Amino acid sequence: MIEVIEQGNLEGIQDLMEQLKIQADPNVQYEIAELLVNYGFLAEADQLFEHLQFLFPEETQLKIDRAVLLMDIGNEDEALEMFMSVRPDEPEYPQVLLALADYYQMQGLYEVAEQRINEALELLPTEPLLRFAKAELLLELGRLAEAARLYGELYEEQEEIAGIRLVERLAEVHRTGAAFEEALTYYLKALDYHVAPDLLFGAAYSAFQTQMYETAIKHLEELKEVDPDYFAAYLLLAESYAMQEENKKALEIIQEGIKRDEYDKELYLFAGKMALKNSLPKEAEQYLREAVALDGEYMEAILTLVSLLAQDERDEEVVELIEILRNDDFDWSTLSAFAAQSYDRLEDYNRAYEFYTLAYNDHKEDPAFLEKYAYFLIEDGKRGEAHEVVKRLVALQPDEPTWLDLLQTFE
């Protein structure tokens, strides 16, 4: 039977099932049922558990084992009925509470799940599995300090529980809580046990956040060797090189990342920025347009592209891009300043005025914008509005003689 299961021979399993029920010792049947569960033959395993329950109707552990299996199959009503049949005074009752907590957690009923775990902990306050289950729930709920405390207490007692190394959980919970120095300490300890892609990335991310860029680079370069298709590594690695002012290397890495994942808009945006850093404006524009093509509302990429076009006074392209976005109901006032200046240079003063007006609220703290707006209004004969803008300039920079001189022209 074991050989048939390992071969994945469903027909063979069904052929041997009745023979197994009749001839095999109940302990063997139980072991075979567990093996069937491990190999994913849940319906066949349930047949054996049901048979064993028929033979031993008062065996509480069988009820629990079968109820857990029925949960996995999707027969929740029958499973809950079996769980409820276990009395609170039975020694297996904490198992029921733990299974119910897991069920309610999967349903998103976190408060009920926590109540069940707490009930179990009242019965077995030092049981590691129960304390671990509560830590897992707290981690999912974002109650990170409580989760870290529980994981830490367990880690002092044992290194591993339920097949999970506690040092890895401690690394994760500290990283999630932005305690990056502590997270890095635990990631390095975890890497002493074994090297895995997620651990390398976690260590690198934590190192990056603590400005330990060389450490981040070390782990990310190793990650690329271990798993070249770990796409998130390329952006973080490029950012790490950029923080070291190694812009050429950063661009090379991000280009390598794009070859691996050509649909990640963030890679194209960063490639555009790095191309600009390396004085490659044409390449930068190409990357930025690719980012916008992947996401027509990618604000940062759009702003960077429009800024690049405006800097070169490619005004027709600026207004064309912004008008396309407006036609698609994408209205972002930060772009209005670029549109205003481009329409102004194109001598379409009505549209320039429209966009200057739209941009004013977002840019009324920006002297450079206000200066352009003021001179535009003066030249367009709107002296009353210009006067108000100049007064705003003086209020922002009262010691700037240029604004005071400009204000005097209205008096």
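Here are legends for four views of a predicted model.

Residues are numbered from 1 along each chain as its sequence is written. Because the model is predicted, local features need pLDDT of at least 70 and side-chain atom pairs count only at pLDDT 80 or more, while totals for chains, interfaces and linings use all residues; side-chain values rest on heavy atoms, leaving out hydrogens and water.

**View 1. The whole chain, stretched out.** The protein has 25 helices and two strands; these are DSSP runs (helices H or I, at least four residues; strands E, at least two), numbered from the N terminus. Its C-alpha trace spans about 105 × 45 × 40 Å along the principal axes. The radius of gyration is 32 Å, whereas a compact globule of 411 residues would have one near 22 Å (taken over C-alpha atoms; the globule rule is 2.2 Å times the number of residues to the power 0.38). Buried residues make up 44% of the 411 (buried is under 20% relative accessible area, exposed over 50%, partly exposed in between, with a 1.4 Å probe and protein chains only). Among contacts (heavy atoms within 4.5 Å) with a separation of 6 or more, 46% join residues 24 or more positions apart.

**View 2. Helix H10 and what covers it.** H10 runs over residues 144–157. Its 14 residues should span 20 Å at 1.5 Å a residue, and the end C-alpha atoms are 20 Å apart, so the two agree (the expected span is 1.5 Å times one less than the number of residues). Which residues of H10 are buried? They are Leu144, Ala147, Ala148, Leu150, Tyr151, Gly152 and Leu154. An α-helix has 3.6 residues a turn, so residues three or four places apart point the same way. The cover over the buried residues of H10 includes helix H9 (128–141) and helix H11 (166–176).

**View 3. A nonpolar patch around Leu55.** Phe54, Leu55 and Phe56 form this surface patch, with about 330 Å² of accessible area together. Patch members have over 30% relative accessible area and no salt bridge (a side-chain nitrogen of Lys or Arg within 4 Å of a carboxyl oxygen of Asp or Glu); like charges are joined within 9 Å, nonpolar side chains (Val, Leu, Ile, Met, Phe, Trp, Tyr) within 5 Å. Areas come from the Shrake-Rupley method with a 1.4 Å probe; for residues, only the protein chains shown count as cover. Leu55 lies in helix H4 (residues 42–55) and is partly exposed, at 38% relative accessible area.

**View 4. Thr334 and its neighbours.** Thr334 lies in helix H21 (residues 334–345). Its relative accessibility is 23%, so it counts as partly exposed. Leaving aside residues up to four places away in sequence, Thr334 touches Leu303, Asp362 and His363.
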